[in-house]
Amino acid sequence: MKICVVGSGYVGLVVGIILADYGNDIICVDVDETKIAKLKKQELPIYEPGLSGLLNRAVEEGRIEFTTDIKKGIQETEVVFIAVGTPPDKDHKADLQYVYSVAKSIGRNINKYTVIIDKSTVPVGTADEVTKIISSELKTRGTDHEFDVVSNPEFLREGNAIKDFTNPDRIVIGTESEKAMKVMQQIYRGIARTGKPIMFTDVKSAEIIKYASNAMLATRISFMNMVSHLCETVGGNIKEVAKGMGLDDRIGPRFLQAGAGYGGSCFPKDVKALIQTLEEHSCVAEILLAVEEINQLQKHSIVPKLKSMLPDLTGKTIAIWGLAFKPKTDDMREAPATIIISDLQKSGAKVKVFDPEAMDVAKTILSDVIFCSNPYEAAEDAHGLILVTEWNEFRNLDMEKVRKIMKSPYLVDGRNVYNAEDMKKAGFKYISIGR
Ligand SMILES: NC(=O)c1ccc[n+]([C@@H]2O[C@H](COP(=O)([O-])OP(=O)(O)OC[C@H]3O[C@@H](n4cnc5c(N)ncnc54)[C@H](O)[C@@H]3O)[C@@H](O)[C@H]2O)c1
């Protein structure tokens, strides 16, 4: 199939490159000229394991091209994915200006029956709005081309994007059009072949499924962070609690880890946007208000843990291991590390940082920190160390060596990666989350 993907960010690139790998002819469009110039040179503007190999193959076999020319993308294909950003606006609603701008371009340029697929995470009712915008542009042109707007939310996780896209738990497709259903079946034939269910539903339910899923996952995280406070106060162990809960089939073991709070480009903004949508329609949003509040508290609870061992941080050097909001990505949007670093700086500390992948991104958003080239360099001469992101490479480091090169032995483990006894043996004064 000939497919256009508008928006060459995390989602757009994964969709475009993998669909090219499945034999489709793909045109990836973006307004960002620097991004497109990089992609034309086969350089990925994002870090995603395995994606670069697939990109090279698709380019070399002529199945993918990159352009800033959206007209070309729309007119030379039969399917257009909208995969642009939907960041929060000043009221925490999803800012739909990029989606609507693409809808306008589609209305101004379609020249045949086209299936428009909304991959961006958008509030319920957006597909209707996109339909109206396209119809109005067609009317202005005095032309009439049939089209369908389909909701096809994306559930991939950064760092696992290829596996998640090619082997998803489910593919949700919201459409009532038989013609669009056939096109969608054809696009996902290769992926559905792996036995993964395609769930066809109405457009509005599909739009709600995406927000409700992210909000549920964020709720589990905040729920466990809430319970971790109880463990800390009365002397329980959140890891044991999570294990005992997760053995219940009705609950299951995943997303029960307490930690330094959730971040990233999706959970924080999607929880806030769903709160706005609920309130807009006069529905109760109290659960999600609490989820959001606990998450903020959690991010701000890390520095006080360090201060409980090292009360005065003025002039002290603190090392941070991990900056990305989670391992296997360089994404630092709403990363707990940014709040923890800012709390440290407000307390007068100097901060040294290391992350295996997010250093380039970090350099554009962090100021007054020392960037180090490995975890040992970050820990050297530090008075305290905080593990923020649970990269695998932090799991088995020589912690006795780390302790020796530090000036004092304070370690806060924001992800419960280490065993408390081992850390004690290595000479650390150690605090983790809810244990
Ligand atoms: N990142 C994730 O893990 C993830 C997972 C599932 C869903 N989503 C959702 O997918 C959407 C995209 O997210 P992302 O992380 O890929 O965003 P991103 O910011 O990485 O990429 C968005 C891209 O769209 C481009 N763009 C903006 N306006 C444009 C226009 N008019 N024409 C062409 N290109 C334009 C931007 O230049 C940017 O490159 C969001 O709604 C997000 O919530 C993201």
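# A walk from helix H6 to the ligand

Start by selecting helix H6: its buried residues pack against H5, strand E5 (114–118), strand E6 (147–151) and helix H10 (203–234). Bear in mind as you click around that this is a predicted model.

**Stop 1: along H6.** Keep residues 126–141 selected and put a distance label between the two end C-alpha atoms. You should get 23 Å, which agrees with the 22 Å that 16 residues should span at 1.5 Å a residue. Now colour the buried residues of H6, which are Thr126, Ala127, Val130, Ile133 and Ile134. Turn the view until you look straight down the axis of H6: these buried residues fall within an arc of 120°, so they line one face of the helix. Then step to Gly142, which follows H6 and has a positive phi, near 75°.

**Stop 2: over to H1.** Next, select residues 10–21, which make up helix H1. H1 has 12 residues, and from first C-alpha to last it reaches 16 Å, close to the 16 Å expected at 1.5 Å a residue. How many of the residues of H1 are buried? The count is 12 of the 12, so H1 is largely enclosed by the rest of the structure. Among these buried residues are Tyr10, Leu13, Ile17 and Asp21.

What do the buried residues of H1 pack against? Show strand E1 (2–6), strand E2 (25–29), strand E3 (64–67) and strand E4 (79–82), then add helix H3 (51–60) and helix H7 (161–166), and you have the partners. Past the end of H1, click on Gly23: its phi is positive too, near 100°.

**Stop 3: the ligand.** Select the ligand and bring up its surroundings. 27 residues surround the ligand, and the closest are Gly7, Gly9, Val11, Ser120 and Thr121. Two helices, H1 (10–21) and H5 (97–109), are the elements that give two or more residues to this shell. You've just visited H1, and H5 is one of the elements that the buried residues of H6 pack against. Colour the shell by class and you'll find 12 nonpolar, 10 polar and five charged residues.

**Stop 4: zoom out.** Now show the whole protein chain, with its 19 helices and 14 strands. Its C-alpha atoms fill a box of roughly 75 × 50 × 40 Å along the principal axes. The radius of gyration is 24 Å, which agrees with the value near 22 Å for a compact globule of 435 residues. Of those 435 residues, 46% count as buried. To finish, look at the contacts with a separation of 6 or more: residues 24 or more positions apart account for 72% of them.

Conventions: Residues numbered from 1 in each chain as written. Predicted model: local features only at pLDDT ≥ 70, side-chain atom pairs only at ≥ 80, totals over all residues. Helix = DSSP H or I, 4+ residues; strand = E, 2+ residues; numbered from the N terminus. Rg over C-alpha atoms; globule rule 2.2 N^0.38 Å. Buried ≥ 20, exposed ≤ 12 C-beta atoms within 10 Å, placed from the backbone. Contact = placed C-beta atoms within 7 Å. Near = placed C-beta within 6 Å. Nonpolar A, V, L, I, M, F, W, Y, C, P; charged D, E, K, R; others polar. Expected span 1.5 Å × (residues − 1). Arc of directions from axis to C-beta.
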